[in-house]
Amino acid sequence: MKSFFKSSIPVAFLLLVAIQSPAKVKIVMSGNSIAKKDSTNESLKLISQAKRLSSFLPGQIWNDTDGVPVNAHGGGILYHEGSYYWYGEHKVAGTLGNTAQVGVHVYSSKDLYNWNDEGIALKVSDDPKSDIAKGCVLERPKVIYNQKTNKFVMWFHLELKDQGYNAALSGVAVSDYPAGPFTFIRSFRPNTGCWPVNVQKFHKRPVSDTIKSAYCGGKDCLPAHPDTLNLLGRDFKKGQMARDMNLFVDDDGKAYHIYSSEENSTLHISQLSDDYLSFSGKYGRFFSNRYMEGAAMFKTTKGKYYLIASDCTGWDPNAARSAVAESIWGPWKELGNPAIGKDSASTFHSQSTYILSVSGKKDSFIFMGDRWDPNNAIDGRYVWLPFEFKGGKPYFKWADEWKL
Ligand code: DGJ
């Protein structure tokens, strides 16, 4: 330690400033995780606390205010009472990180650049019988706040432990506080015994014996177009498949669950119940045979709904898609790849996870994408880029660094 201080006058100066500044000490002490750390670590964290970020650096390692890389993949943001909360999959190193070993990590921020570690919002269970047993697949967690119940409600894509991606379930958890802890309520498939608003006649006919109970989830697995296979009818009684997912709360407080269904071939948009804990029974199916994954919705002050999504190519990036509608129930009109310029064919090596509406800035939206690393999941990076609009079409381009 002695030589460290000797050889590093600027760092020593920062440490001194940090120790002398009650505000900085307070911020550092406010994170759940910090309280558990020893005093040596805390000194180092005070140093990194002094290095505050003032811009976005897409694709680069993004350290939290403790100087540790943010671990919140497939994430989403909640804005509540002046703070942003970033929820995401906590990944561990290696391929083990493609399964849930820890749970959903949450961070808080006032400025979107600097994120405080608030700890694990939802922990996986040590009980092997639990739906969220350690080793399950728990992806794309999103949290919304319900004004009527004063509860924070988390939804996520859940696959049961050791069952690959066959279960295609939605998980729900609830908390009294934005940073949790969240309590797992249940997992289930959406819309059991309900037909969508745009059901077609053939969906209600008996399902052919040739329709298998499961396909591979990829684009080339279905033997025919999903509109002739009737996967909707196949899953009518047990509930519709729900994999990649997102949430959207409209201006009237109604919330929607958006998910890849029918073997990933078709996107479903389902209205949630008033308490956000289940489904209202009203839903629609859209983009049939387009295999939309990573879907994320936002709405402009002009009242237009936009949807950003990816193609379905596993962990590999692909060209993003965009679509617009006057009503959430469609018709949806595709607008093409919203990414423009070099590397737009791979969405700058990323896949959409959420579109963040910046508080207090009219029609200011941020594309949030993941740069997955399935061989070393913890090293996945984040690509956040600002949307612009031209002729009613949203687009974003690459920037090495940018500010709000
Ligand atoms: C693509 C999805 O978008 C991810 O969330 C994840 O489920 C991977 N597929 C798994 O291959």
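Let me start with strand β14, which is covered on both faces: Y305, L307 and A309 are buried on one side, and Y306, I308 and S310 are buried on the other. Keep in mind that this is a predicted model. In a regular strand, side chains alternate between the two faces of the sheet. For β14, residues 305-310, the count is 6 buried out of 6, so the strand is largely enclosed by the rest of the structure.

What does β14 pair with? One partner is β13, joined to β14 by 5 bridges in an antiparallel arrangement. Within that pairing, E293 has S310 of β14 as its bridge partner. The two strands make a hairpin with 5 residues between them. In the turn, G303 has a positive phi of about 85°. Strand β15, residues 321-325, also runs antiparallel to β14, again through 5 bridges. There, L307 is matched with A323 in β15.

E293 brings us to the ligand. Which residues surround the ligand? They are G74, E139, R140, D244, E293, G294, G314, W315 and Q351. Two elements give two or more residues to this shell, namely β5 (137-146) and β13 (293-299). By type, the shell holds 1 nonpolar residue, 4 polar ones and 4 charged ones.

Now the nonpolar core. In soluble globular proteins, nonpolar side chains tend to be buried together. Here the largest nonpolar core has 84 residues. Which of them touch the most other members? Those are V153, M154, I258, L307, I355 and F367. Strand β6, residues 151-159, gives the most to this core, with 6 residues. L307 we have already met, on one of the two buried faces of β14.

M154 is worth a closer look. Leaving aside neighbours within four places in sequence, M154 is in contact with V104, L122, P141, V143, V172, A173 and F182.

Last, a sheet of 3 strands. This sheet is open, with the order β18-β19-β20 and antiparallel pairing. Which strands are at the edges? They are β18 (351-357) and β20 (381-386), and each pairs on one side only. From one strand to the next, the twist averages 25°. β18 and β19, the latter covering residues 365-371, are paired antiparallel over 6 bridges. As one example of that pairing, S352 stands opposite G369 in β19.

To return to the ligand once more, Q351 is also part of its shell, and β18 spans 351-357. That is where I will stop.

Note on methods: Residues numbered from 1 in each chain as written. Predicted model: local features only at pLDDT ≥ 70, side-chain atom pairs only at ≥ 80, totals over all residues. Near = placed C-beta within 6 Å. Helix = DSSP H or I, 4+ residues; strand = E, 2+ residues; numbered from the N terminus. Nonpolar A, V, L, I, M, F, W, Y, C, P; charged D, E, K, R; others polar. Core = buried A, V, L, I, M, F, W, Y, C linked by C-beta atoms within 7 Å. Buried ≥ 20, exposed ≤ 12 C-beta atoms within 10 Å, placed from the backbone. Contact = placed C-beta atoms within 7 Å. Pairing = 2+ DSSP bridges. Axes fitted to C-alpha atoms, helices over the stretch in contact; angles between N-to-C directions.
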